[in-house]
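Subject: Structure handover

Hello,

Here is the structure I promised to pass on. My notes on it follow below the display.

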Amino acid sequence: MSKKKPYFAQNNKLDPYDHGAKYFWTLEEAEAWLRSENGGTVKKRNAEVVYVFGEPIRVWGEVLKV
């Protein structure tokens, strides 16, 4: 297992005091946390590819919207 957690979740709250974000090992953990926070999005490390000067680079990609 890698040292970095592959999933990143953040809630939809716009208030800076209520806004939250966390890293998770599994998608199920991230989804459960978002459901307790009343919705948001989950992104996965290296889920998408963008091309810079013709070279592929792996970036964060959105995998779930709750």
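To begin with one contact between strands: tyrosine 7 stands opposite lysine 44 in β3. Please keep in mind throughout that this is a predicted model.

That residue pair belongs to the pairing of strand β1 (residues 7-11) with strand β3 (residues 40-52), which is antiparallel and runs over five bridges. Strand β3 also pairs with strand β4 (residues 55-65), again in the antiparallel sense, here over nine bridges. Within the β3 and β4 pairing, valine 50 stands opposite isoleucine 57, and valine 52 has glutamate 55 in β4 as its bridge partner. The two strands form a hairpin with two residues between them. In that turn, phenylalanine 53 has a positive phi of about 55°.

Taken together, the strands make an open sheet of four, in the order β2-β1-β3-β4, with antiparallel pairing. Strands β2 (21-24) and β4 are at the edges and have a single partner strand each, so one side of each has no neighbour in the sheet. On average, neighbouring strands of this sheet are turned by 35° against each other, direction ignored.

There is also a helix to place against the sheet. Helix α1 (residues 27-36) lies across β1, β2, β3 and β4, and runs at about 5° to β1.

Next, the aromatic side chains. Which residues do ring pairs link into a cluster? They are Phe8, Tyr23 and Trp60. The count of aromatic pairs in the model comes to four. In one of them, the ring centres of phenylalanine 8 and tyrosine 23 are 5.0 Å apart and the planes stand at 50°; planes under 30 degrees apart would count as stacked and over 60 as edge-to-face, so this pair is tilted. Phenylalanine 8 is in strand β1 and tyrosine 23 in strand β2, and the pair links parts of the chain 15 residues apart.

Tyrosine 23 also forms a tilted aromatic pair with tryptophan 60, at 6.3 Å centre to centre and with 55° between the planes. Because tyrosine 23 lies in strand β2 and tryptophan 60 in strand β4, this pair ties together parts that are 37 residues apart in sequence.

Are these two residues buried or exposed? Tyrosine 23 has a relative accessible area of 46% and is partly exposed. Tryptophan 60 is partly exposed as well, with a relative accessible area of 33%.

Regards

Key
Residues numbered from 1 in each chain as written. Predicted model: local features only at pLDDT ≥ 70, side-chain atom pairs only at ≥ 80, totals over all residues. Heavy atoms only, no water. Pairing = 2+ DSSP bridges. Axes fitted to C-alpha atoms, helices over the stretch in contact; angles between N-to-C directions. Contact = heavy atoms within 4.5 Å. Phe/Tyr/Trp six-rings, centres within 6.5 Å; stacked < 30°, edge-to-face > 60°. Buried < 20%, exposed > 50% of the residue type's maximum accessible area, 1.4 Å probe, protein only.
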